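Thanks for coming, everyone. I'd like to walk you through a model I've been looking at, so please have a look at the screen first.

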Amino acid sequence: AWLSPGGGSTSGRVLTPVQGLVTGTLPNGLSYVVLRNKDPFKFDAYLQVNAAAVNETAQQQGIAHMMEHMAFQGTEKYPTWNMQQQIYGALGMTFGADVNAFTSFRQTCFTFTCKVGKTDLSAITGTQQQPAQSGGLNSFFGQLLGFGSSDSQRPTQSPTDDDAPDQATLLKIQTLKQLLQYLQSGNLPPAQAALAAQQALLLQSDPDVLELLRAPADGSGTSNLTVVLDLLCQMTLHARIPDAMFPTERRAVLSEMMLSGSLMAD
């Protein structure tokens with residue numbers, strides 16, 4: 001069913017709520033929508049700004065798209081494009097595939113896809129990384145997603161041999177990864193796909209598997225969820241907009257507009 005901007009249905013049907021969808025509004029007015037990812041090894045974070053082309057005057061046409069591009073050129077906390085690229089790489093992300101954005105008529109949206117875990121960024125940022133603080137966005141969304149609630153309670157020292165996961169748990173993790181790959185391929189017959197989905201669900205609920213997924217590789221670093229949320233906040237609220245980058249990004253914006261057919265070449 002489709003809903004009109006005024007809230008009325010254009011088809012007379014009612015939208016069916018997605019099972020497990022969590023929505024709400026934070027005290028600062030930020031609205032959120034949270035849905036558990038079927039792949040427990042990664043998460044997606046989208047930040048939608050309800051401002052875009054519709055808010056431009058005739059003299060400002062294209063400025064929303066330009067601002068979307070400039071948000072990747074550095075922020076107050078991450079001052080250069082190169083630093084942001086290094087952070088993406090440290091988190092296992094690549095610009096374009098895992099980090100991207102788009103501007104439509106009514107919204108500007110920034111999209112991140114990242115692995116679950118922790119990453120030490122001190123060598124990139126030049127500052128000592130601190131554990132995630134409870135009560136922040138990481139704790140709030142982490143608890144909703146099911147993997148961040150214990151980040152602030154974890155010790156920062158490296159685990160001992162006694163803390164190492166046993167072979168049975170490692171085998172469960174490997175089996176879960178294979179099941180998810182089979183399911184994502186779409187090549188399994190319906191009966192086998194249903195069985196694989198059931199087995200994957202059981203493994204994702206296993207306490208030993210959950211504990212290992214939540215743990216950082218070496219006990220140090222900052223939650224990847226915290227870093228991604230911080231990047232989104234910086235890009236949308238604290239972008240530096242360096243003058244020197246305007247010519248380069250202007251050409252990139254014009255090129256995209258020509259490829260999409262929204263701008264005719266002379």
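Before we start, one term: two strands count as paired here if DSSP finds at least two bridges between them. Keep in mind too that this is a predicted model.

With that term in hand, let's go to β4 and β5. Asn-100 stands opposite Thr-111, which belongs to β5. A second pair of the kind is Phe-102, whose bridge partner in β5 is Cys-109. Taken together, β4, residues 99-103, and β5, residues 108-115, pair in the antiparallel sense, with 5 bridges. The two strands make a hairpin, and 4 residues sit between them.

Now zoom out a bit. What is the strand order in the open sheet of 3 strands? Reading across, the order is β3-β5-β4, and the pairing is antiparallel. Residues 42-49 make up β3, and β3 and β4 stand at the edges with a single partner strand each, so one side of each has no neighbour in the sheet. On average, neighbouring strands here are turned by 15° against each other, if you ignore direction.

Two helices come into this picture. Helix α1, residues 63-70, packs on the sheet and touches β4 and β5. The direction of α1 makes about 170° with that of β4. Then there's helix α8, residues 224-237, which also packs on the sheet but touches β3 and β5. For α8, the angle with the direction of β5 is about 160°.

Let's go back to Cys-109, since the cysteine may catch your eye. Is Cys-109, in strand β5, buried or exposed? Its relative accessible area is 4%, and the cut-off for buried is under 20%, so Cys-109 counts as buried. What does Cys-109 touch, leaving aside its neighbours within four places in sequence? The contacts are Tyr-46, Leu-47 and Gln-48, plus Asn-100, Ala-101 and Phe-102. Val-49 is worth pointing out as well: Cys-109 and Val-49 are 60 residues apart in sequence, yet their C-alpha atoms are 6.1 Å apart.

Next, charges. Side chains of opposite charge can pair when their charged atoms come close. How many salt bridges does the structure hold? Just 1. The side chains of Lys-77 and Asp-230 form a salt bridge, at 2.7 Å from N to O. Lys-77 is in the loop between α1 and α2 (81-90) while Asp-230 is in helix α8, so the pair ties together parts that are 153 residues apart in sequence. Lys-77 itself is partly exposed, at 47% relative accessibility.

On the surface, have a look at Val-18, Leu-21, Val-33 and Leu-35. Those four residues make a nonpolar patch of about 350 Å². Val-18 lies in the segment before β1, which is 22-25. With a relative accessible area of 48%, Val-18 is partly exposed.

Finally, some numbers for the whole chain. There are 9 helices and 7 strands. Of the 266 residues, 33% are buried. Take the contacts between residues at least 6 apart in sequence: 69% of those join residues at least 24 apart. The exposed area of the chain is about 16,400 Å², with 55% of it supplied by carbon and sulfur atoms.

That's my tour, so over to you for comments.

Key:
Residues are numbered from 1 along each chain as its sequence is written. This is a predicted model: local features need pLDDT of at least 70, side-chain atom pairs count only at pLDDT 80 or more; totals for chains, interfaces and linings use all residues. Side-chain values use heavy atoms; hydrogens and water are left out. Axes are lines fitted to C-alpha atoms, for helices over the stretch in contact, and angles run from 0 to 180 degrees between N-to-C directions. Contact means heavy atoms within 4.5 Å. Patches are made of residues with over 30% relative accessible area and no salt bridge: like charges are joined within 9 Å, nonpolar side chains (Val, Leu, Ile, Met, Phe, Trp, Tyr) within 5 Å. Accessible areas come from the Shrake-Rupley method with a 1.4 Å probe; for residues, only the protein chains shown count as cover. Buried means under 20% relative accessible area, exposed over 50%, partly exposed in between (1.4 Å probe, protein chains only).
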